[in-house]
Structures are given as C-alpha cells and as structure tokens.
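Grab a coffee and work through these short exercises on the model below. Try each task yourself before you read its solution.

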Amino acid sequence: SLQELILRLEKENEGGIKLMSHEAKQKTLKTLLFLISLENSSDEQLKDISKAANTTISKLEEDENQLISTFAKPILDEILDNKGAVESQKWNKASIERRVFDQLVRKCIQLNVSGIDEFYTEMISVLEKSCSTCADADLRLCQLSLLQSYIADQFQFETNVFRFRKQILFDILMPNLIWRVGRVASTIRKITMFALGTFLVKLTLMTTGKSNRFDWLLEEIAQIMPLLKSSLDDFEADTRMFTCQVLGFIFVLFQSQQDTCLDPTIFQDIYHPLVCRLDDAQDLVRIAACKAIEDLIRCTDKAALRGTALKYIVESCFVHLDDRDKNIQQAVYKVLETIIKADIDTPVVQAHAKKERTRHRSPELCDMLLNLK
C-alpha cells in the first residue's frame, strides 16, 4: 500500500524522506505521479490512493515547485527512454508513461512552474508527436485535452504557450481539424476546435494594445480558413458552434488591427457557409453564427460587402428575424443593426424592414431598424 511505501522510505532514510538521494526522489516522484493519475478510477480504494499520493509529494521537498522544476526534465527523459519525443507515439491511453507525463504537465500548470525551458520545449514536441494522425486515437484525445488545459492557463500562456504558438497552431491543432470518418475522429475535431477557441481568446487578451503580436496569425489566415469552412458543416453540433466562435475570434483580431480589413477573397469564400448556419437545427449554433457574422461585417471593407453578399445576408436575416425564439430574434437583429450602424447600405436594410414589418408576428424589431440612424 501507499502507506507501507512511505514507512519503508522513512525507515530506509533515517533522516526521513527529505534526505533521500536524488535518484531515489526521482523514482519516488515518478511513482507518485502515476498513482495520482488514478484519481478518476471507478475503484474507491484507488481514488483514496490517488489522494494520498498527492499529499505525499509534499514530503519529498518543502518547496513542491522546486521539486517539480528539478525532476520534470529527468522524468520526461526517462519515460521517453532517452529516445526523444517520437517515442511518445508508441504510448496509449492506459500506458504508465502517458499517465506520468499527464500528471507532470498538470503539476507544472498547477504550480506555475517556470524556468525549465528545456522541459517545456520537449513537452510541446511530445504533444506534437502523440497528437499526430499516426498515433493511437484515444491517446490523441487525452493529449489534446491536456493541451487545452495548458493553453487555458493564463500564466502558462504568457510564459510558455505564446513562444510555441506556431508549433501549437500549425503542427498540433490544425492537422487534427482535418475531417476523418468515425465517432472518435469527430470527438477529436470537437476538442481541437474548442482548444483553438481558447488559444485565440488568450491571444486576444495577451495582445490587447500590442497588435503586432499577432501579425504572424493574420498573415496565415488563408491557410486556416479552409479547415474552418469545412468544419461549419460538421455533423457534431458542438463542433459547428465552436467553429462559429473561432471565426468570430479571428474577425475580432482583424478589427483590432488599424487600417487592416479581411481579404475580400476570404470574405467571399466564408460569408455564405457562415450565413447558412442560421438554418442550423441547433439554436446555440445559430446564435454563435449571428455573433460571427456581426464580427465579419465589422472587419470587412464596405466595398466588399455591398451588392450580392449584403443582399444575401440581409434577406437571410429577415427570414430569421421572425423566429419563434426571442433569443434568435435578438441575435439576428444585432446583425442587421451592425450593418446599419456601419453605414454600409442602410437603405437596403430599411427597405426590407418596411416590406417585412406587416408579415412578421410583431412589427417591433422592424420598426426599431427603421428608426436607427
């Protein structure tokens, strides 16, 4: 049992666990990290062992942050058998190595561990290799979930994630957005799209007032858009919703760039499939699509919007402005309001409002549009 292990360690080290040799501490820490990974077990005894293991780590060193800083890279090298990140492609969901790696990274997140650049560099390489399409599908799910936790942590994002931004985006996230058949592949796309949304939100917060910090992303937007466009038609509703949100986040980044608009070619390619989401079977997707369309309008040059594109957007919006769900009505109204306030082609919107006010269940929203200036 864990208690027997602790007693044995204390007996073998007369001065207590804190006087263990460097090698013994590393071995014990690795064992404890594995035991902590059992916290989600259905076996209550294993859950208790996991809790006890978490408490026991503090017995190894007074400063747990220093403990993890000291042993993170040596333990990572050990579980990779000193063969580098490519070795992680052999892992599976249940493997000891994967479990130890997961808990090691989560400890770094929990304790705000910094100053171990070699570990974080190798860690990202492990995530890249173990999230590749040649790795086990269940392993990829676990690793992408871990990556999401890493990206979501504000301290880690500011100190580590940003410097690995291109590797995370182009080498880990984007390949996992490519459509593949199967339920597991669908879940992988969903988790990846959610992680991408988190990545963009954190990037937006970090670069407020520092627009040049994401020039690199805007320059590569044409490479990202085809994957997002195809994901708008994903059969998983959550993935479609997350995709709408991701598009909105990207459009917001463009808005923060002075004198920068979305490429008209990209606008022409994305506006139609995005507006089609107003017909989605799930209301949350429809609301997310409305918000994305608002942001698309704000970041697109007026000249590109006028004409066929604007006519299609406006006509589609007026169909849904009369939806039974008031939340949908309000979301659609905001799109039309954005068009008027941006002074793109107000007469087009208000002409539709005059025509439709008597056909809708209530003329209220149409009248509000007519009174906007």
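**Getting oriented**

This is a predicted model, and its protein chain has 20 helices and 0 strands.

**Exercise 1.** Work out what share of the residues in the protein chain is buried, and what supplies its exposed area.

*Solution.* Start with burial: of the 373 residues, 51% are buried. Next, look at the surface: the chain exposes about 17600 Å², with carbon and sulfur atoms supplying 48% of it.

**Exercise 2.** Classify the ring pair formed by tyrosine 271 and tyrosine 312.

*Solution.* First, recall that a pair of aromatic rings is described by the distance of the centres and the angle of the planes. The structure holds 7 aromatic pairs. For tyrosine 271 and tyrosine 312, the centres are 6.1 Å apart and the planes sit at 70°, so this pair is edge-to-face; the cut-off for that label is over 60 degrees. Now place the partners: tyrosine 271 belongs to helix H14 (residues 264–276) and tyrosine 312 to helix H17 (residues 308–320), so the pair links parts of the chain 41 residues apart.

**Exercise 3.** Decide for each of these two tyrosines: buried or partly exposed?

*Solution.* The cut-off for buried is under 20% relative accessible area. Tyrosine 271 has 8%, so it is buried. Tyrosine 312 has 24%, so it counts as partly exposed.

**Exercise 4.** Find the cluster that ring pairs build around Phe119.

*Solution.* Begin with phenylalanine 119 and tyrosine 120, an edge-to-face pair at 5.4 Å centre to centre and 65° between the planes. Both residues are buried. Then add Tyr150, which ring pairs link with Phe119 and Tyr120 into a cluster.

How values were computed
Residues are numbered from 1 along each chain as its sequence is written. This is a predicted model: local features need pLDDT of at least 70, side-chain atom pairs count only at pLDDT 80 or more; totals for chains, interfaces and linings use all residues. Side-chain values use heavy atoms; hydrogens and water are left out. Helices (H or I, at least four residues) and strands (E, at least two) are DSSP runs, numbered from the N terminus. Buried means under 20% relative accessible area, exposed over 50%, partly exposed in between (1.4 Å probe, protein chains only). Accessible areas come from the Shrake-Rupley method with a 1.4 Å probe; for residues, only the protein chains shown count as cover. Rings of Phe, Tyr and Trp (its six-membered ring) pair if their centres lie within 6.5 Å; planes under 30 degrees apart count as stacked, over 60 as edge-to-face and the rest as tilted.
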